[in-house]
Amino acid sequence: TEYALTNGYCTVKILNYGAIIRSFCVQTEDGLKEIVLHYDSAIDYLNDEYYLGATVGRVCGRIENASFVLDGKTYILDKNDGENCLHGGYNGFNSKFFSAKTVGDSLIMTLFSKNGEGGFPGDITFSVTFSLVNKGLKIKYHAESTENTPFNVTNHTYFNFGDTFNTEVFIDADMVTPVKANLIPEGFLNVENTPFDFRKFKKIGESIDSDNEIIKICNGYDINYVLNGKNFRKVAAAKHDKLQINVYTDMPAMQFYTGNFLPNNPQKGLKRRGGFCFETQRFPNAVNNSEYPSVIVKKGKVFDSETIFEVVRTEY
Ligand code: BGC
C-alpha cells in the first residue's frame, strides 16, 4: 500500500513495505520535480538489494564479524555482507510489512520485531512517523525493547538532483570514522586536508575518485561523519539546479554514501552513483567498539529520534 502526504509544495509517497520513501516531489518553476531514486513496480521493491528509500534497522550499518557480546552473552547475527552483518541482516526492517495508520496529518508505521530476530535480543516495538513540515519531511523514530539490545535506525533514501557529481554538499563535521578494508570503522580521522572535508559546500565529484586510501576502499564516499554539535540541529545540505536539501537531526552521526554499489541498470532507473544518501544514525559497529558512544537501548527504556529533510528553492 502506498500513502501520500502532500501540502501543495511537496508530495511524499511512502510504502507500508519497509516504510520506504518511494517518492519525494517538490513544486518548482518547471513543475513537479522528483528528487529521490525509486522503482516503478512493487516486485522491484521486494527484490531490492540497495535499500532504496528504506527504513533500516534493527542496527543500520555494519556489525563486524556479525557478532557481539552484551551482558556477558555472545550474539550471532546474519552474515549478509561478507563476514559482517549489514543493516540488520536478512530480515531487517527494510523487508518488513508495517502496520500503518494516519493520525491528524501524520502517517504512523509500526512494527513488532521479535526477540531473537536476526539474532538480536529483546522484543522491539518500533514506530516511524512521517509528517510534512513547511518545506519538507519530518521522520520521527520511536523504539522500546524488553531486553538490553543494540539499536540504530536510519532512512536510506537516495537523493537525486540529476547529476550527483555536480551536486554541492555541505556536512557540519570535523571528523569521520575511517574504515578498514572490510568497511568497518575504527578510530577517528580529522577531515582537514582530506577529500572528506565538506565544511564548505563542495561538489561531490571533486574528490570522489581521489587516490585517498579510504576513498579507494569505499569506491567513493561511504563513510560515517561525526556530526558537530548536539541536540536537534542542521547537519548537512546538498544543492544543485536551484534546489537545496537541508538535513536536521538529533543523531550524533551520518553516513554519507554516494551509491557506489548501485548497478548500471537503466531499465530499473539505477546508475552507479546515480544518487546519494544522508543516513542520519548512531555510530556503526559501536556494539563492538567502546571508543564510540553506546547504541544499547536498555530494557524498559525508550529510543526517540527525529530527522527532517527540508527542500528549498535557491537562486544561484
Ligand atoms: C552502506 C553501504 C552499503 C549500502 C547498501 C550504505 O548505508 O554504507 O556500504 O553498500 O548502504 O545499499
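The ligand sits in the largest pocket, and the model we explore here is a predicted one. Let's work through it together.

**Exercise 1.** Find out which residues lie around the ligand, and sort them by class.

*Solution.* Start by listing the neighbours, using a cut-off of 4 Å between heavy atoms. They are Tyr50, Tyr51, Arg62, His87, His156, Tyr158, Asp222, Gln255, Tyr257, Phe261 and Glu279. Next, sort this shell by class: 5 residues are nonpolar, 3 are polar and 3 are charged.

**Exercise 2.** Locate polar partners for the oxygen atoms of the ligand, then state how much of the ligand the protein buries.

*Solution.* Begin at Tyr50, where a polar backbone atom is 3.3 Å from a ligand oxygen. Move on to Tyr158: here an N or O atom of the side chain is 3.3 Å from an oxygen atom of the ligand. Then look at Gln255, whose side chain places a polar atom 3.2 Å from a ligand oxygen. Finally, consider the area: the ligand taken alone exposes 310 Å², and the protein buries 94% of that.

**Exercise 3.** Trace the open sheet of 9 strands and explain why one side of β10 and of β19 has no neighbour in the sheet.

*Solution.* Follow the strands in the order β10-β11-β12-β13-β26-β22-β21-β16-β19; the pairing is antiparallel. Now look at the edges, where β10 (99-103) and β19 (202-203) stand. Each has a single partner strand, so one side of each is left without a neighbour in the sheet. For a view inside the sheet, turn to β21 (residues 233-240) and β22 (residues 243-249), an antiparallel pair with 7 bridges. One pair to look for is Lys234 and its bridge partner in β22, Tyr248.

**Exercise 4.** Describe the hairpin of β1 and β2.

*Solution.* First take the strands: β1 (residues 2-6) and β2 (residues 10-15) run antiparallel and are joined by 5 bridges. Across the pair, Tyr3 stands opposite Ile14 in β2. Then go to the turn, which has 3 residues between the strands. There, Gly8 takes a positive phi near 90°.

**Exercise 5.** Examine the backbone at Arg58 and at Asn219.

*Solution.* Go to Arg58 in the loop between β5 (55-56) and β6 (62-63). The peptide bond joining Gly57 and Arg58 is cis, with omega about -5°. Now move to the loop between α2 (213-218) and β20 (222-227), the place of Asn219. Asn219 is not a glycine, yet its phi is positive, about 65°.

How values were computed. Residues are numbered from 1 along each chain as its sequence is written. This is a predicted model: local features need pLDDT of at least 70, side-chain atom pairs count only at pLDDT 80 or more; totals for chains, interfaces and linings use all residues. Side-chain values use heavy atoms; hydrogens and water are left out. A polar contact is a pair of N or O atoms within 3.5 Å; within protein, one must be able to donate a hydrogen and the other to accept it, and residues adjacent in sequence count only if both atoms are side-chain atoms. Accessible areas come from the Shrake-Rupley method with a 1.4 Å probe; for residues, only the protein chains shown count as cover. On a 1 Å grid over the protein atoms alone, a cavity is a set of points where a 1.4 Å probe fits but cannot get out, and a pocket is an open set with protein on both sides within 12 Å along at least five of seven lines; lining residues have an atom within 4 Å of a point. A molecule sits in a cavity or pocket if more than half of its atoms lie within 2 Å of its grid points. Ala, Val, Leu, Ile, Met, Phe, Trp, Tyr, Cys and Pro count as nonpolar, Asp, Glu, Lys and Arg as charged, and the others, Gly among them, as polar. Two strands pair if DSSP finds at least two bridges between them. Helices (H or I, at least four residues) and strands (E, at least two) are DSSP runs, numbered from the N terminus.
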